[in-house]
Amino acid sequence: MSRADGEDAAEMAVDPDRLLAGEDAKTTHIEDAAHWIAVYSELVLFKERLVDSAQNGLLGIRDEVARKEVATTDVVLLASERDRLR
């Protein structure tokens, strides 16, 4: 994956208007809405666990440069993805 592809993927991951495959934001069916609420609830919990894990893992990274890189990229991206899903 090129740098441009990675940047595109990162932008898509935090795009607040991006829907999941199969999602219809204009649905009028209560069952569809309930389904997507459940899906997003699970995804938020998953992302929260990833953010917590990444933050806790920072303590185990001895190299200061690597630790800073993870804190300023991975943790930020995961938190942004979580926030988008919320």
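Start by selecting Glu 48 and Arg 86: the two form a salt bridge, with their closest N and O atoms 2.6 Å apart. Glu 48 sits in helix H2, while Arg 86 belongs to the segment after helix H3 (64-85), so this pair ties together parts that are 38 residues apart in sequence. Keep in mind as you look around that this is a predicted model.

**Stay with this pair**

Turn on a surface and compare the two partners. Glu 48 is partly exposed, its relative accessible area being 23%. Arg 86 is exposed, at 58%.

**Add Asp 83 and Arg 82**

Next, select Asp 83. Which residues does Asp 83 pair with? One is Arg 82, where the closest N and O atoms are 3.0 Å apart. Another is Arg 86, whose side chain meets that of Asp 83 in a salt bridge at 3.6 Å, N to O. Show Glu 48, Arg 82, Asp 83 and Arg 86 together, and you have one network, joined by salt bridges that share partners.

Is Arg 82 buried or exposed? With a relative accessibility of 15%, Arg 82 counts as buried, because the cut-off for buried is under 20%. Asp 83, in contrast, is partly exposed, with a relative accessible area of 40%. Searching the whole structure turns up four salt bridges, among them the Glu 48–Arg 86 contact you began with.

**Move to the negative patch**

Now select Asp 8, Glu 11, Asp 15 and Asp 17. These residues gather on the surface in a patch of negative charge. Pick out Asp 15 and follow the backbone on either side: this residue lies in the loop that runs between helix H1 (3-14) and helix H2 (30-57). Asp 15 has a relative accessibility of 30%, so it counts as partly exposed.

**Zoom out**

Switch to a cartoon of the whole chain. How many helices and strands are there? You should find three helices and zero strands. Read from the N terminus on, the elements run α-α-α. The chain is more spread out than a compact globule, because its radius of gyration is 16 Å, well over the 12 Å that the globule rule gives for 86 residues.

To picture the overall dimensions, imagine a box drawn along the principal axes: the C-alpha atoms fill roughly 50 × 30 × 15 Å. For a last look, colour the chain by accessibility: buried residues make up 19% of the 86 residues, and Arg 82 is one of the residues that count as buried.

Notes
Residues numbered from 1 in each chain as written. Predicted model: local features only at pLDDT ≥ 70, side-chain atom pairs only at ≥ 80, totals over all residues. Heavy atoms only, no water. Patch = residues over 30% accessible without salt bridge, like charges linked within 9 Å, V, L, I, M, F, W, Y side chains within 5 Å. Areas by Shrake-Rupley, 256 points an atom, 1.4 Å probe, with all protein chains shown as cover. Lys, Arg positive; Asp, Glu negative; His and termini not counted. Charge placed at Lys NZ, Arg CZ, Asp CG, Glu CD. Helix = DSSP H or I, 4+ residues; strand = E, 2+ residues; numbered from the N terminus. Buried < 20%, exposed > 50% of the residue type's maximum accessible area, 1.4 Å probe, protein only. Rg over C-alpha atoms; globule rule 2.2 N^0.38 Å.
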